[in-house]
Amino acid sequence: MMSSAIGAIKEAYTTLTGETAKAADLAKDTVDLGNPPRKGITTDHGVYVSDTDNWCVVHYVNPFYIRMYALRLKAADGNGTGPSLVEDQIAREKIMRFDHERIPERVVHARGAGAHGYFKVYDNRASKYTYAPVLTDPSRITPTFVRFSTVQSSRGGADTVRDVRGFATKFYTEEGNWDIVGNNIPVFFIQDAIKFPDVVHAVKPEPHNEVPQGQSAHNNFWDFAALTPETAHMVTWIMSDRAIPRSFRMMQGFGVNTFTLVNSQGKRFFVKFHWIPELGVHSLLWDEALKINGQDPDFHRKDLEEAITTGAYPKWLFGIQIIPEEKENDFEFDILDATKLWPENLVPVEIIGEMVLNRTVSEFFSEVEQVAFCTSNVVPGIGFSDDPLLQGRNFSYFDTQITRLGVNWQEIPINRPVCPVLNHHRDGQKRHKITKGVNYWPNRFEQTGPVSAKEGGYVEYPQKVAGVKQRVRGAKFQEHFKQAQMFFNSVSDIERAHLVSAYSFELSHCDDPIVYESYTKLLQSVDFDLAKQVAINVGGAVPEKAIHPNPGHKATRISQFEFAPKEPTIKSRRIAILVADGFNLDEVMAMRTLLKAGSATTWIIGPRRGPVYPAGEEVGKGIGYSADHHWEGQRSTLFDALIIPGGAKHAQALADSGRCVHWVREAFGHCKTIGALGEGVVFLREAVKLPSVRLAADLNSDDVTSSYGVVTAGQYDLGSAAADILSIKEGQKGFVSNFAHELSQHRCFRREIEGLTAKVSY
């Protein structure tokens with residue numbers, strides 16, 4: 001109890017100030033230009049610079065000097081320009097430094113975003129599995145840094161492509177750095193790390209023309225997948241909505257590989273790590289994701305920063321799946337196979353802690369681009385398994401960081417541990433630390449020797465190993481389709497429909513018949529109806545029977561709908577309020593106040609950025625209400641919901657604008673919550689014409705009508721607003737409460753299931 005109380009006090013301080021041990025450590029290397037340490041700009045060797053805009057020149061008047069120095073001076077007589085001064089070190093340094101700013105980008109996970117936060121455990125319940133204090137000591141607040149990323153594209157790619165998302169977490173523990181280098185999907189393409197170059201080469205842009213960027217919809221990837229059946233399970237996840245998340249903050253994270261924990265009695269357990277988002281697991285729709293790629297390719301980066309700066313701190317629960325060492329072989333699958341997950345109905349996730357991200361980065365390159373993760377970075381009490389993919393990652397990640405950042409990459413501030421670091425490693429490029437004393441062990445001074453396990457030294461688990469050295473995989477590693485079938489069976493009907501659409505989109509971009517015919521044949525081993533529909537869509541060979549019949553087995557907590565928040569929430573949701581001159585200001589002010597109470601953000605979208613004039617105010621002369629964006633400057637894709645307030649003149653202006661009509665139809669097509677009041681309801685009925693949707697009939701009543709996620713009422717005066725205490729649950733009387741409930745459901749998929757979205761052009 002005392003440890004938990006201490007932890008709560010530390011957490012409150014961290015939440016209030018943003019200060020952690022790592023924040024203090026980074027402050028030593030941070031220069032705040034708002035409070036500069038010197039008068040102004042200097043060279044890299046510290047000398048003040050008087051002019052940073054002009055290369056040094058010589059003003060000449062004597063022809064002799066022109067002839068003597070023409071080859072090495074920039075000579076000017078007011079009428080012409082000659083060669084530049086080679087001796088201008090300030091100019092040369094500025095150009096030279098610019099020429100060397102780039103470092104090699106990551107081969108995979110090149111495009112990313114990051115944030116600082118903290119991690120805590122709730123109590124010591126995990127002590128029966130591990131003696132690692134980061135997982136057992138509730139008095140600790142452990143600083144963290146998380147980097148989210150896409151996999152396939154370059155640094156200049158877009159955020160909302162269909163792809164795996166990296167979810168890498170660095171824990172700055174008192175015992176050293178611990179990295180969970182995970183993804184938002186619990187399995188991987190391959191079983192053995194030796195195949196990693198092949199899968200990456202296959203999914204990357206094709207070598208002859210560097211196309212496509214940021215997607216797997218091309219011949220080489222699907223050729224590889226068809227010829228490598230172990231990818232089948234992972235591919236089903238990528239073709240699902242999991243690969244187009246609404247936000248980094250609304251996706252799960254998984255350690256992917258099997259690690260081990262060792263407790264204080266020396267007993268070992270196999271473990272998988274899980275992050276579960278507080279806001280639930282939510283995705284974009286494919287049409288929406290495609291459009292955002294062009295409309296705002298930095299959508300996820302901005303979303304993360306916006307949430308933190310507005311105080312809607314992203315939060316994840318941290319869970320572990322545990323299998324005792326003696327039960328390793330109790331399952332029909334090999335628990336060390338990274339292409340398989342551990343079904344939660346067989347191995348439940350135990351929630352032991354949480355992580356909160358509460359501080360944005362100060363400089364992207366120094367933190368997000370230079371942060372480096374290694375699966376081999378573990379602390380005492382946490383170890384490795386014989387997972388063959390993990391074994392290769394342990395080598396590869398460490399090796400690639402040396403290539404990108406140099407052998408001293410762990411001295412870079414963002415990678416530097418908060419605990420003391422002391423060893424006999426010396427020299428190498430970019431060495432910063434100065435160490436006095438001998439650089440070897442043993443030595444006559446008995447300095448810097450090994451640390452015993454009792455005193456905190458890392459000790460490998462004494463695993464007994466016996467066998468024959470050969471290139472072979474175990475018998476259980478030969479089965480590739482049961483879990484792909486399980487995933488397909490376990491998702492909801494709407495998620496299955498999206499799977500069919502995704503397979504069809506990807507394979508339709510393969511122009512080699514061998515490729516799409518091969519993969520539609522492989523799908524017969526997953527599900528016959530899936531294979532048949534995809535083959536029809538893409539022109540493949542339509543199957544007559546399944547190769548491996550789907551037995552219909554399912555697992556729990558596979559569908560995104562199984563991860564709804566415990567309490568419905570609209571926290572951090574973006575709501576666009578579409579207005580024109582003549583809108584009802586009282587309605588807008590009341591709605592914004594109530595929605596802000598639910599931690600949602602509202603954005604005024606008007607005919608122009610700047611003042612839009614409410615009813616009763618003369619356009620151009622009266623008191624205007626500032627719009628955040630104009631109709632053409634944003635799109636409905638960039639918001640979670642849309643509201644049209646009342647006002648006759650305003651509603652007519654919206655009806656006369658094809659763009660505004662498209663705004664609403666597109667939001668409807670993407671199954672988003674739509675609200676309208678007063679004449680805004682008339683606009684929906686007469687201009688937008690949403691199919692099968694019931695709308696409020698009486699413009700003099702504040703009775704609320706909800707139909708297919710469209711919430712309407714005839715009026716919303718001060719009395720209506722006063723009675724509309726925000727309560728996010730079904731059956732409430734108020735307009736905003738009903739609207740918030742629909743929004744908390746993320747989308748109204750009934751529209752798509754019942755065919756309404758197919759009737760609207762968007």
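Colleague: Quick one on Y708: does that residue count as buried or exposed?

Modeller: Buried, because its relative accessibility is 14% and the cut-off for buried is under 20%. Bear in mind that this is a predicted model.

Colleague: And where is Y708?

Modeller: In the loop between β20 (704-707) and β21 (710-713). Its phi is near 50°, a positive value in a residue other than glycine.

Colleague: What about K430, what's the phi there?

Modeller: About 65°, so to speak on the positive side, and K430 is not a glycine. You'll find K430 in the loop between α12 and α13.

Colleague: OK, cis peptides. Which bonds are cis?

Modeller: One is V211 to P212, with omega near 0°. P212 sits in the loop between α6 (196-203) and α7 (219-227). W441 to P442 is cis too, again with omega near 0°, and P442 belongs to the loop between α12 and α13.

Colleague: Switching to helix α19: how far apart are its end C-alpha atoms?

Modeller: They are 16 Å apart, which agrees with the expected span, because 12 residues (658-669) at 1.5 Å a residue should cover 16 Å.

Colleague: Which residues of α19 are buried?

Modeller: C660, V661, W663, V664, E666, A667, F668 and G669. Just after the helix, C671 takes a positive phi of about 65°.

Colleague: Last topic, the surface. Which residues make the nonpolar patch of about 230 Å²?

Modeller: F398, I402 and V407. V407 is in the loop between α12 (388-405) and α13 (482-490).

Technical notes
Residues are numbered from 1 along each chain as its sequence is written. This is a predicted model: local features need pLDDT of at least 70, side-chain atom pairs count only at pLDDT 80 or more; totals for chains, interfaces and linings use all residues. Side-chain values use heavy atoms; hydrogens and water are left out. Patches are made of residues with over 30% relative accessible area and no salt bridge: like charges are joined within 9 Å, nonpolar side chains (Val, Leu, Ile, Met, Phe, Trp, Tyr) within 5 Å. Accessible areas come from the Shrake-Rupley method with a 1.4 Å probe; for residues, only the protein chains shown count as cover. A salt bridge is a side-chain nitrogen of Lys or Arg within 4 Å of a carboxyl oxygen of Asp or Glu. Helices (H or I, at least four residues) and strands (E, at least two) are DSSP runs, numbered from the N terminus. The expected span of a helix is 1.5 Å times one less than its number of residues. Buried means under 20% relative accessible area, exposed over 50%, partly exposed in between (1.4 Å probe, protein chains only).
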